[in-house]
Amino acid sequence: MAQKEKDALSGVETTGHEWDGLRELNNPLPKWWLYIFYVCIAWSLVYYVFYPAWPLGKSYTKGLLGYSQREELVQKVAEGKKAQEKYLTAIAATSVEDIQKNKDLLAFAMAGGRSYFNENCAACHGAGGQGAKGFPTLADDVWLWGGTTADIYKTIQHGIRADDGDTRGTVGIGMTAFGKDGILNREQIAQVAEYVLSLNKRSTDAAAAEKGKTVYDENCAACHGDSAQGSVAVGMDVGAPPLVTANWLYGGDKATLVETITNGRAGVMPAWSKRLDDATVKSLAVYVHNLGGGK
Amino acid sequence: MSTTTEQQPPQTDLLERPVAVAGDPLAAPSPKAPRRAARSMYQKHSKVYPKAVHGTFRRIKWAALAVLLAIYYVLPWVRWDRGPNAPDQAVLLDLANRRFYLFFVELWPQQIYYLTGALILAALGLFLATSLAGRVWCGYACPQTVWTDLYVWVERLVEGDRGERIRLDQGAWTARKAGRKVLKNLIWLLIALATGGAWIFYFTDAPTLLGEMLRFEVSSTALGFIGLFTATTYLLAGFAREQVCTYMCPWPRFQSAMIDEDSLIVTYQDWRGEGRSLLRKSQSWEERRAEGLGDCIDCFNCVQVCPAGIDIRDGLQMQCIGCGLCIDACDEIMTKVGRPTGLITFDTQTSQVAVATGGQPVPFRLLRPRTILYTLMMLVIAGGIGVGLLLKPGLDISVLRDRAPLFVALSDGSVRNAYTFKISNMTRDPRAYTLAVSGVTGASLSVAGDGQDEQAGTQRLTAGADMVATYRIFVTAPRTGLQGASQPLTFRLTSADGEVATYDSVFMGPAN
Ligand code: SF4
Ligand code: SF4
């Protein structure tokens with residue numbers, strides 16, 4: 001019979017293992033605890049049978065239940081789409097103005113519009129519509145083609161100078177290249193640029209500006225308006241920006257103005273109704289309008 | 001030192017009771033090989049058959065059991081009027097709608113720290129109780145103890161007391177044995193089902209849920225939880241019992257840190273009882289004493305009633321849940337044999353040492369640094385929670401500034417920032433608010449999609465009862481008034497009845 005050895009202080013039996021005079025106490029694990037480990041191992045075997053488990057090169061063991069997270073995701077997405085349906089039909093059937101007035105539809109359109117915007121528009125207009133040179137800021141109050149929700153809706157639908165019958169502006173025709181086409185000479189261009197600067201109280205050459213006014217009235221006022229308030233203000237659909245402003249699409253310094261007048265400008269935007277369905281375009285219009293600049 | 005916390009016999013040190021040591025192991029290590037062969041790494045489970053016992057502690061334990069079970073089953077049915085459109089259940093943890101209701105308290109998810117406070121309070125309460133009276137929680141109030149007690153009671157009703165149960169388990173399988181076992185397990189399962197069923201009443205409106213249960217319309221989630229709690233109750237109270245306390249629960253491992261020599265604990269007075277030996281009929285107590293025998297007549301009554309299956313005469317042990325049933329058991333014996341009760345007693349070590357060495361019992365010291373400290377900490381936390389609840393706002397706002405674009409320059413040269421503005425209306429009425437900003441010269445406010453025109457002063461906003469309302473707010477300021485790229489901006493929201501919430505944000509503009 002083996003002799004049991006107990007630790008003097010704790011009265012607990014030791015394992016007989018000893019390291020530098022320290023003895024290991026034997027506080028044995030209960031048997032049932034051990035069996036729980038076995039049950040877990042058995043459980044894992046059951047799992048292998050019913051669930052995907054082992055990789056097989058390019059494939060894997062599928063398990064009897066045919067469970068797949070991928071499929072679950074597809075299903076969830078389909079469910080989500082279905083839940084969205086009633087809002088999407090409602091949005092498609094409602095005018096953009098009325099969407100703005102309906103709290104539920106507005107919330108839905110804003111949430112959807114945000115992701116559609118990031119997917120389709122942010123590449124040019126920047127996240128949150130902050131804009132870039134040549135790509136208008138959508139959060140400010142300058143609108144070349146109108147800033148009401150209806151205006152924005154139409155612009156997104158049919159694009160600008162785009163391949164679409166109802167597009168804004170005319171394909172291939174933008175601001176006249178007054179220099180390149182020989183309509184104005186260099187001096188006249190410099191004068192009219194000076195005049196535009198004077199409108200914004202930045203002119204340094206009053207005499208030139210004075211002469212520039214005549215050039216402006218003869219060449220520019222037709223589109224930009226007599227007091228340079230922009231084409232929207234004079235009720236024309238040509239996208240001529242206001243020239244009394246702090247916000248310049250291409251730059252408001254004299255060199256850029258001269259460049260613009262010499263070569264002309266003709267910004268374009270695709271007609272999105274060809275790529276996105278109506279509910280999406282409406283959501284985008286509402287979202288853009290709410291970015292802050294909407295009129 | 002981990003060895004001493006595993007099984008701690010402080011009396012050994014204090015009273016110099018000899019420990020069972022087979023020789024001096026340090027001086028004479030015996031050969032290792034044969035010993036290893038006999039030693040098992042695993043402990044065989046030996047079932048504990050607690051014997052019925054009567055006495056003070058047993059009565060307290062029954063009372064605790066009745067009160068606690070009553071609270072558990074009745075609490076979800078207590079109603080509390082919160083007005084229309086609000087649940088009228090006094091205690092309701094509404095996970096689906098993210099609201100906790102505790103009588104007059106109503107918590108939103110962002111106020112979950114109140115629950116943290118309550119948990120800390122509960123932990124400190126446990127520490128305080130332990131430093132005062134050992135493991136009273138374990139012995140009387142822990143659900144594991146309460147349900148185990150209930151299950152043992154059922155077992156005793158069906159299978160008889162200790163002796164009968166042992167005989168039944170050891171005997172061959174007969175129809176009678178099978179009948180008893182089936183009946184017992186059936187009752188156990190019913191109790192477990194009631195336990196699991198009651199649990200989910202805390203998470204949904206109890207009367208509605210009961211109606212659904214009776215019509216068999218319970219959701220699969222609810223069913224899952226009922227099943228889970230039924231299974232755990234049945235297994236833990238029916239079979240695992242003291243094994244949970246000994247092997248699974250962490251509390252016994254560190255409760256010794258809260259106990260000191262002035263804590264009341266269940267103690268065997270070994271100075272009085274040792275020289276334990278059976279009492280012979282012919283023997284008088286004077287003769288026993290003359291023979292050097294103690295008061296313990298080695299009847300094992302204390303061992304047989306112990307729900308933890310231990311012998312208290314070995315000293316304070318990790319397995320002991322401090323239930324005091326062994327006290328009742330021994331008092332019964334002592335009364336029978338005509339000796340003073342209290343051979344096993346509820347006393348402090350200080351007092352026991354004093355009495356053992358011939359002195360007077362030391363009165364219990366309620367005020368000790370640790371009890372004072374625990375109490376103070378509890379008061380501070382309870383006070384903090386109380387004040388917090390009294391001043392709990394009905395309004396909370398949060399403001400998130402747009403980061404893309406950082407700011408927008410407008411055609412007249414002014415600068416605009418956009419903010420997502422959330423109003424949490426934590427009251428039961430729809431409310432109207434006035435929003436104003438300060439900190440930026442000439443700043444004006446507007447709300448997206450609101451149709452109201454920008455106005456220099458304030459904006460009126462509303463939020464429905466018990467709702468979070470979200471607005472997109474624009475703040476516009478002339479460039480001339482800005483100082484640098486970023487400056488502080490304070491939102492101030494005032495409700496119609498005068499409650500104010502402020503939020504400090506910033507206003508960004510061009511660098512120059
Ligand atoms: S030793 Fe006594 S107090 Fe401790 S668990 Fe057993 S019966 Fe209860
Ligand atoms: S019940 Fe009392 S007398 Fe009996 S064995 Fe326990 S301590 Fe000794």
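Lys and Arg count as positive and Asp and Glu as negative, with His and the chain ends left out. The views below come from a predicted model.

**Figure 1. Charged side chains of chain B.** Chain B carries 51 positive and 45 negative side chains. The centres of these two sets are 6 Å apart. The exposed area of chain B is about 25800 Å², and carbon and sulfur atoms contribute 65% of that area.

**Figure 2. Charged side chains of chain A.** In chain A there are 30 positive and 33 negative side chains, and 3 Å lies between the centres of the two sets. Chain A exposes about 16600 Å², of which 58% is supplied by carbon and sulfur atoms.

**Figure 3. Domains and dimensions of chain A.** Three domains make up the division of chain A: domain 1 covers 14-60, domain 2 covers 84-170 + 269-289, and domain 3 covers 186-263. The centres of domain 1 and domain 2 of chain A, taken over C-alpha atoms, are separated by 60 Å. The C-alpha trace of chain A spans about 125 × 55 × 40 Å along its principal axes. Its radius of gyration is 36 Å, where a compact globule of 295 residues would have one near 19 Å.

**Figure 4. Secondary structure and packing of chain A.** Chain A contains 11 helices and five strands. Of its 295 residues, 39% count as buried. Among contacts in chain A with a separation of 6 or more, 54% are between residues 24 or more positions apart.

**Figure 5. Fold and dimensions of chain B.** The secondary structure of chain B consists of 19 helices and 15 strands. Its C-alpha trace spans about 115 × 60 × 50 Å along the principal axes. Chain B has a radius of gyration of 33 Å, against a value near 24 Å for a compact globule of 512 residues. Buried residues make up 44% of the 512 in chain B. Of the contacts in chain B between residues at least 6 apart in sequence, 69% join residues at least 24 apart.

**Figure 6. Surroundings of Met248(B).** Met248(B) belongs to helix H12 of chain B, residues 242-248. Leaving aside residues up to four places away in sequence, Met248(B) touches Trp32(A) and Trp33(A) in chain A, and Leu236(B) and Gln243(B) in chain B. Met248(B) counts as partly exposed because its relative accessibility is 39%, which falls between the 20% and 50% cut-offs.

**Figure 7. The peptide bond between Ala404(B) and Pro405(B).** Ala404(B) and Pro405(B) are joined by a cis peptide bond with omega of about -5°. Pro405(B) sits in the loop between strand E7 (395-401) and strand E8 (408-409) of chain B. Most peptide bonds are trans.

**Figure 8. Backbone at Phe216(B).** Phe216(B) is a residue other than glycine with a positive phi, near 55°. Most residues other than glycine have a negative phi. The loop between helix H10 (206-214) and helix H11 (220-240) of chain B holds Phe216(B). Phe216(B) is exposed because its relative accessible area is 77%, over the 50% cut-off.

**Figure 9. Backbone at Asp298(B).** The phi of Asp298(B) is positive, about 55°, although Asp298(B) is not a glycine. Asp298(B) lies in the loop between helix H15 (285-290) and helix H16 (301-305) of chain B. Its relative accessibility of 22% places Asp298(B) among partly exposed residues, since buried means under 20%.

Terms used
Residues numbered from 1 in each chain as written. Chains lettered and ligands numbered in written order. Predicted model: local features only at pLDDT ≥ 70, side-chain atom pairs only at ≥ 80, totals over all residues. Heavy atoms only, no water. Helix = DSSP H or I, 4+ residues; strand = E, 2+ residues; numbered from the N terminus. Rg over C-alpha atoms; globule rule 2.2 N^0.38 Å. Buried < 20%, exposed > 50% of the residue type's maximum accessible area, 1.4 Å probe, protein only. Contact = heavy atoms within 4.5 Å. Areas by Shrake-Rupley, 256 points an atom, 1.4 Å probe, with all protein chains shown as cover. Charge placed at Lys NZ, Arg CZ, Asp CG, Glu CD. Domains from an automatic or database assignment.
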